[in-house]
Amino acid sequence: MVQYLAARLDASFSALADATRRGVLEELERGEASITELANRFQMTLTGMKKHVAVLEEAGLVKTEKVGRVRTCRLGADGLAAEAAWIERYRRRWALRFDELDKVVEDLKREEEANGRT
């Protein structure tokens with residue numbers, strides 16, 4: 001399970017590292033689109049867009065369906081839930097560390113004020 005999650009996170013964050021792929025996800029938030037429509041919106045070749053969509057699909061962020069000659073793309077069912085949970089875990093950890101640092105700084109300030117230093 002841990003290896004599966006790690007592989008998924010690796011694939012997701014790798015996919016999200018590219019501005020075009022993030023843009024594709026933003027476009028698909030508005031609704032389904034064919035690869036041709038996406039390629040036109042991003043002014044790129046069909047081959048280039050197919051590669052971007054394949055990376056997003058491999059990461060589970062996009063689902064595609066081929067009907068006839070048209071491949072339609074939509075957001076994946078799971079979205080970024082696993083990725084958001086991973087980020088949140090580390091956000092909480094860092095928030096606790098910063099809270100502790102704030103306490104140390106406040107203690108130092110009080111100590112300086114008590115000693116007549118500002």
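This report walks through some helices, salt bridges and surface spots in one protein model.

First, some ground rules. The model is predicted, so to speak of a local feature takes a pLDDT of at least 70, side-chain atom pairs count only at pLDDT 80 or more, and totals for chains, interfaces and linings use all residues. Residues are numbered from 1 along each chain as its sequence is written, and side-chain values use heavy atoms, with hydrogens and water left out.

**Two crossing helices**

Let's start with α2 (residues 19-29) and α4 (residues 46-58), whose axes come within 10 Å and cross at roughly 75°. Helices here are DSSP runs of H or I with at least four residues, strands are runs of E with at least two, and both are numbered from the N terminus. The axes are lines fitted to C-alpha atoms, for helices over the stretch in contact, and angles run from 0 to 180 degrees between N-to-C directions. Why look at these two values? Two packed helices are described by the angle between their axes and the distance between the axes. That makes α2 and α4 roughly perpendicular to each other (65 to 115 degrees; under 35 is roughly parallel, over 145 roughly antiparallel, and the rest oblique). Where they meet, T20, R21, V24 and L25 in α2 touch M49, H52, V55 and L56 in α4, contact meaning heavy atoms within 4.5 Å.

Just before α4, Q43 sits in the loop between α3 (35-41) and α4. Its phi is near 50°, a positive value in a residue other than glycine. Is Q43 buried or exposed? Q43 is exposed, with a relative accessible area of 75%. The cut-offs are under 20% for buried, over 50% for exposed and partly exposed in between, using a 1.4 Å probe and protein chains only.

**Salt bridges**

Side chains of opposite charge can pair when their charged atoms come close. The structure holds 11 salt bridges, each being a side-chain nitrogen of Lys or Arg within 4 Å of a carboxyl oxygen of Asp or Glu. Here are three of them:

| Pair | Closest N to O |
|---|---|
| D78 and R8 | 3.6 Å |
| R92 and E88 | 3.7 Å |
| D107 and R110 | 2.6 Å |

The D78 and R8 pair links distant parts of the chain: D78 is in the loop between β3 (70-75) and α5, R8 is in helix α1, and they are 70 residues apart. R8 is buried at 13% relative accessible area, whereas D78 counts as exposed at 52%. R8 also touches G79, A82 and E83 besides D78, not counting residues up to four places away in sequence. R8, D78 and E83 are linked in a network of salt bridges.

The other two pairs stay inside helix α5. R92 and E88 are four residues apart there, so about one helical turn separates them. D107 and R110 are three residues apart in α5, again about one helical turn. D107 is partly exposed at 42%, and so is R110 at 49%.

**Along helix α5**

Which residues make the nonpolar surface patch of about 570 Å²? They are W94, F98, L101, V104, V105 and L108. Patch residues have over 30% relative accessible area and no salt bridge; like charges are joined within 9 Å, and nonpolar side chains (Val, Leu, Ile, Met, Phe, Trp, Tyr) within 5 Å. Accessible areas come from the Shrake-Rupley method with a 1.4 Å probe, and for residues only the protein chains shown count as cover. V104, found in α5, is partly exposed at 45%.

A95 lies in α5 (residues 81-114) too, and A95 is partly exposed at 28%.
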